[in-house]
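Visitor: I would like to go through this model term by term. Please give me the value, then the cut-off, then the verdict.

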Amino acid sequence: MPKTGEARGGVHLLPGPVEATRAAAPAQIRLEQVGRTYGAGEATRRVLGDVTFTVPARAFVAIAGPSGSGKTTLLSIVAGLDTPSAGRVWVNGRDIYRLREAELSAFRLRSIGFVFQDFSLIPVLSAAENVAFPLLFRSEIAAGARRSRVMAVLEQVGLGGKEGRRPHELSAGERQRVVLARALAGDPAILIADEPTAQLDEGGGEAIIHLMRTLNGERGTTCLYATHDPRLIALADSTLRLRNGLCEERVA
Amino acid sequence: MSLLLRLALRNVFRNYLRSVVTLFVIGAGCAALIVNAGVVFNIFRELREDAIWGRYAHLQVYRRGYSQGHRAEPERYLIPPAEARRLIALARADPRIAHATRRREFSGMVSVGSRYTAFLGVGVEPEMDGEFSRHTELRLGQPLTVGDAYGVLAGMGLAQKMGADTGAELRLITTTGTGAFNAVHARLLGVFEGGFKDYDDWTLKAPLGAVEQLLMDDRTEQVVLLLRRTDDAPAVRASLERAFAQEGLDLEIRSWDQLALFHNQVVSLFGRELDVLRLIVCVIVILGIANAVSMSIVDRQFELAATRAMGVGARPLAGLLMTEALLTGLIGAALGVAAGVGIAWAVSQVGIAYPSPPGSTRPFRGGVDLVPHEILTAFSLSVAATVLAAVPPAWRAVRLRIAPALRRG
């Protein structure tokens, strides 16, 4: 396995200056007896129960399972978006739910790239501006480096020349590529994708996963993605299958 | 322009209809404040001009202690002729002072035939009276003239009480400083309307020479000063006080705003009304904007949750939302200022017909004054109300629970 930032094959996903700003080394994730319930009393609904697993650094992991099985909740917990009702979550040995709110935000900003199911682009910004948006809050990235990084990552996801277009001027596949570019621009240690291909056709979905795979290979980014598409599951190094909030099977 | 500012600006105009309504609410509130203040200040100005140019002038100079004691001991507070000449010379040396004249107030009875009527007299220098009475309208006859040493003017109400027409022969009767009765024959030259009923019902203006003859006293009660600019009154007063002290003149000065009690009461009353209106407009703007901002945040809940998920902290996100509110306020208030100025100009072209105010004898036509500090106040209040209104929804937005909001999206 190459070191962080070392090229494997002919394609660099990000230009050189990114290396200096990467917040953390490839991340190992560990969940221990994590559960999540909603409501209280008789109305309590368990969405996730007693999930324990470890994702090694640089892994490319699919979270599989039918709708309502807890995939999104699990990814949200790993990403620091939803506090588990029980259990603990460590990223590189640090319990992220012991962090204060501001520290958790900073952790997400610097360490997590999130690809949402529903695009989540800001409609009044162009593709390039959307990609640049989270980088604005990282003071260590100078304006010039930010611009070159945005252009490079848009080029990489195949949107070179379309950086000035607003989301409504792009196709669904292109929008999802912008979302991916935005997640990659910060050079995160962990990339989390929640059904990233749900809004895309077959080819578009596979292309997105392949892009993630390239990133994983080149940058050592730990990738977790939720899907119920068997072809996309097959592209993963390992798979965690959920059913009714319980971990049903781990496939290495 | 930074991306964050660009984003805030674009978000302001994101929902066209809502933006229009929001900007309309802010703009209308701001314009209402400007126009209302303009109307009120126009009334203030009219009253001020009436007070200055009709009765009191800008400054009045008396012997020290006059204000407190002249009613009890009028003879004690009179200025000898030589001293009056010195103080007028000092006043005329100041280029900010346009005119200076002597006056003597007295009271007595006027008879027309066998009919006797009480009056309050003012002895004036005829050649100066026109300048000092610009807001006094001559309804009948002619003004005082230097050539007619015994020609007098009466207020409309007094003329009616006397039952005298212009040209009527009058006899002015009063008591002198020594307590003796004295009288002079005079002729009614004209009838004036000063605009204040009490003033018009009692006032008789006579040439100062005739009054000095009647009172058998050539001392001056007051020297009144007209300035080129009303705003100079405090400064001129201060420099005259210094000059009087240097010259050893024991005099006191009162300015028009100390004397014009009716003007002061109206300013106080309408000033409160302005404050109440400001409060009402602020409440309307705050409620309108809070609703608009809340709607905007509800619409963008998924987007805001995604922004938080990307790691944008609560503080920067609140900053973004408040920047949007600030821009909305600035744009809305700027439109409001433009609208307010436009309305003020248009209304002033047409004019507003007012009935006679309480205590006044004549209606007047007013307009809408553009008062710079009131425009600035309206602008600032509108922006502040908008920003204030955005605080609670912005606070709720940054405390949004991210995962549920993303699921709802």
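Visitor: Why is Phe106(B) called buried?

Guide: The model is predicted, and the values are computed from it. Phe106(B) has 8% relative accessibility. Buried means under 20%, so Phe106(B) counts as buried.

Visitor: What makes Phe119(B) buried?

Guide: The reasoning runs along similar lines. Phe119(B) comes out at 2% relative accessibility. The limit is 20%, so Phe119(B) counts as buried.

Visitor: Why is the pair of Phe106(B) and Phe119(B) called edge-to-face?

Guide: A pair of aromatic rings is described by the distance of the centres and the angle of the planes. Here the centres are 5.5 Å apart, and the planes stand at 80°. Rings pair if their centres lie within 6.5 Å, and planes over 60 degrees apart count as edge-to-face. The pair is therefore edge-to-face.

Visitor: Which parts does the pair of Phe106(B) and Phe119(B) tie together?

Guide: Phe106(B) lies in strand S2 of chain B, residues 97–112. Phe119(B) lies in strand S3 of chain B, residues 115–124. The two parts tied together are 13 residues apart in sequence. Over all chains, the structure holds nine aromatic pairs.

Visitor: Why are the rings of Phe192(B) and Tyr199(B) called tilted?

Guide: Their centres are 5.9 Å apart, with the planes at 50°. Stacked needs under 30 degrees, edge-to-face needs over 60, and the rest count as tilted. That makes this pair tilted.

Visitor: How do you know whether Phe192(B) and Tyr199(B) are buried or exposed?

Guide: Phe192(B) has 1% relative accessibility. Tyr199(B) has a relative accessible area of 11%. With the cut-off for buried at under 20%, Phe192(B) counts as buried, and so does Tyr199(B).

Visitor: What lies over the face of Phe192(B)?

Guide: Lys205(B) does, at 5.4 Å from the ring centre. The distance limit is 6 Å. Likewise, Lys161(B) lies over the face of Trp202(B), at 3.6 Å from the ring centre.

Visitor: Which residues do ring pairs link into a cluster?

Guide: Phe41(B), Phe44(B) and Phe270(B).

Visitor: Why does Asp232(B) count as buried?

Guide: Asp232(B) has 15% relative accessibility. Buried means under 20%, so Asp232(B) counts as buried. Its place is in the loop between strand S9 (222–227) and helix H9 (233–247) of chain B. Asp232(B) touches Arg96(B) and Leu227(B), leaving aside residues up to four places away in sequence.

Visitor: Now the empty space. What volume does the largest pocket have?

Guide: About 1,500 Å³. Of its 50 lining residues, Tyr66(B), His70(B), Arg71(B), Glu105(B) and Leu120(B) are the closest to its centre. By class, the lining has 21 nonpolar, 16 polar and 13 charged residues.

Visitor: Which residues lie nearest the centre of the second largest pocket?

Guide: Thr72(A), Thr73(A), Gln117(A), Asp194(A) and Arg407(B), out of 22 that line it. Strand S2 (45–55) and helix H2 (71–78) of chain A each give two or more residues to this lining, as does helix H15 (402–408) of chain B. H2(A) provides the largest share, four residues. The volume of this second largest pocket is about 450 Å³.

Visitor: How many cavities of 30 Å³ or more does the structure hold?

Guide: Four. The largest cavity has a volume of about 150 Å³. Among the 15 residues lining the largest cavity, Ile112(A), Gly113(A), Pro134(A), Arg182(A) and Ala183(A) are closest to its centre. The lining divides into nine nonpolar, three polar and three charged residues.

Definitions and conventions:
Residues numbered from 1 in each chain as written. Chains lettered and ligands numbered in written order. Predicted model: local features only at pLDDT ≥ 70, side-chain atom pairs only at ≥ 80, totals over all residues. Heavy atoms only, no water. 1 Å grid on protein atoms, 1.4 Å probe; cavity = no way out; pocket = protein on both sides within 12 Å on 5 of 7 lines; lining within 4 Å. Points joined across faces, edges and corners; volume = space filled by probe spheres on them. Nonpolar A, V, L, I, M, F, W, Y, C, P; charged D, E, K, R; others polar. Phe/Tyr/Trp six-rings, centres within 6.5 Å; stacked < 30°, edge-to-face > 60°. Buried < 20%, exposed > 50% of the residue type's maximum accessible area, 1.4 Å probe, protein only. Lys NZ or Arg CZ within 6 Å of the ring centre and 35° of its normal. Contact = heavy atoms within 4.5 Å.
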